[in-house]
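The exercises below are meant to be worked with the sequence and the coordinates at hand. Each task is followed by a solution that proceeds step by step.

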Amino acid sequence: MANIMAINAGSSSLKFQLLRMPEEKIITKGVVERIGLDGSIITIELNEEKVEKTPDIPNHAEAVKILLDALTDYNVIQSLDEIDGIGHRVVHGGEKFSDSILIDDNVIEAIEEVSELAPLHNPANLTGIRAFKEILPNVPAVAVFDTAFHQSMPKEKYLYSIPYEYYEQYGIRKYGFHGTSHKYVGQRAAELMEQPQTDLKIVSCHIGNGVSVTAIDGGESVDTSMGFTPLAGVTMGTRSGNIDPALIPFMMEKTNQSAEEIISMLNKKSGLVGLSNVSSDVRDVEGKANEGSEKAQTALDIYATRIHKYIGTYAASMNGLDAIVFTAGVGENSLTIREKVCQGLEFMGVQFDKNANQTRGEEAFINKDGSPVKVLVVPTNEEVMLARDTVRLGQ
Ligand code: ADP
């Protein structure tokens, strides 16, 4: 039996979950927000009750200290000796990591080297790793990478059609993201279907603020919609997804903006919010569409159609399809998006069931009985994956 901390450290926040393994039971979870800013706040869930504290939290090391103190103060654990391992989410592992790994100085250095590919995320993830290392130096810590699951993609899927030396010299290729989530829901779908994953061709749709679609053949990622960065692929809440690359200099010239400003627009002001002028939240856009807004309706149509197209593409590239899986905020909760995505896939054996689709946030089959292709909702659980890998590699 082991208590494992699953940590997701951002630039000013630190999400945590303490899990008891192997039961995979959540002992407590919470978040430290506004680290290094005014109005720092730590929220911990204790027996369904949320406790908030607002101490000064100037940096991640202090955040970890306050978090650990809170755990003992509230008797969640009696002493820090009861923490047996720490799993850290790391966004980018580049080509160096195709699996999670026990963290040592070499691993920290390698994560630093890859930071060029994820300049906002990896340094923030590292601050979390360092902060725990300082306070709990002897507790095994494991890094779990968002990119690792996609390292199984074959070359013809991860290379861009640009001169080969750009890949060799600069590491320019498709990496893909949300890997931990896609891996979890793929495994879970196979369990729910009571079939070995090695026999299954699955397309998983992680539809949250970020959206990515992955082809999972025999348990391995063989293609995914995000690319060198998480801007690529389908339309998202605020991100454009794929566009014609020649648009970038064209828009720079027309609007007198720098490349950086255009990329920021593509990351933050595009997708659902840009198209609808309403919000990046599917619920708000749906609300406006129901009131008759044509722009909002078009935004939703584009959003769903892009995902739909990827399902067709991936079914073709895998030469078949056994299941479509929906996960993350929108995938778990939006009945209309799920229905729209599956509309027009009947020709390849997707028999969507509108009644079964009346479900939110729970594992469910939403296909008709006897449908050749199964359609599932599987709430994602990246923390459990962090904890499993920490147990597997840290003990
Ligand atoms: P992240 O990618 O940040 O982890 P989430 O997976 O939590 O995001 O997804 C957040 C999104 O989920 C919100 O922007 C919202 O559009 C969507 N969402 C959450 N609940 C619902 C709901 N009941 N109906 C439709 N969309 C929802």
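**Exercise 1.** In this predicted model, determine which residues of α3 are buried, and against which elements they pack.

*Solution.* Begin with the accessibility of each residue, where buried means a relative accessible area under 20%; the residues of α3 that meet this criterion are N122, A124, N125, L126, G128, I129, A131 and F132. Next, follow the contacts of these buried residues, which pack against β1, α1 (60-73), β6 and α2 (105-114). Finally, consider the helix as a whole: α3 has 14 residues, and the distance from its first C-alpha to its last is 20 Å, close to the 20 Å expected at 1.5 Å a residue.

**Exercise 2.** State the order of the strands in the open sheet, and explain why β5 and β7 each have one side without a neighbour in the sheet.

*Solution.* The open sheet is formed by eight strands, with mixed pairing, and reading across it gives the order β5-β4-β3-β2-β1-β6-β8-β7. Because β5 (49-53) and β7 (101-102) stand at the edges and each have a single partner strand, one side of each lacks a neighbour in the sheet. For β7, the pairing is with β8 (residues 141-145), in the antiparallel sense and over two bridges, and within this pair L102 stands opposite V142 of β8. Helix α3 (residues 122-135) packs on the sheet, where it touches β1 (2-9) and β6 (85-90), and its direction makes an angle of about 170° with that of β6.

**Exercise 3.** Find where the cis peptide bond that joins M21 and P22 lies, and decide whether R34 and N319, two residues with positive phi, are exposed or partly exposed.

*Solution.* As background, most residues other than glycine have a negative phi, and most peptide bonds are trans. The bond between M21 and P22 is cis, with an omega of about 5°, and P22 is placed in the loop between β2 (14-21) and β3 (25-33). Turning to phi, R34 is a residue other than glycine with a positive value near 60°, and it lies in the loop between β3 and β4 (41-46). N319, which is not a glycine either, has a positive phi of about 60° and is found in the loop between α11 (294-318) and β12 (323-327). The last step is to apply the cut-offs, by which exposed means over 50% and partly exposed lies between that value and 20%: R34, with a relative accessible area of 39%, is partly exposed, whereas N319, at 69% relative accessibility, counts as exposed.

Definitions and conventions
Residues numbered from 1 in each chain as written. Predicted model: local features only at pLDDT ≥ 70, side-chain atom pairs only at ≥ 80, totals over all residues. Heavy atoms only, no water. Pairing = 2+ DSSP bridges. Helix = DSSP H or I, 4+ residues; strand = E, 2+ residues; numbered from the N terminus. Contact = heavy atoms within 4.5 Å. Axes fitted to C-alpha atoms, helices over the stretch in contact; angles between N-to-C directions. Buried < 20%, exposed > 50% of the residue type's maximum accessible area, 1.4 Å probe, protein only. Expected span 1.5 Å × (residues − 1).
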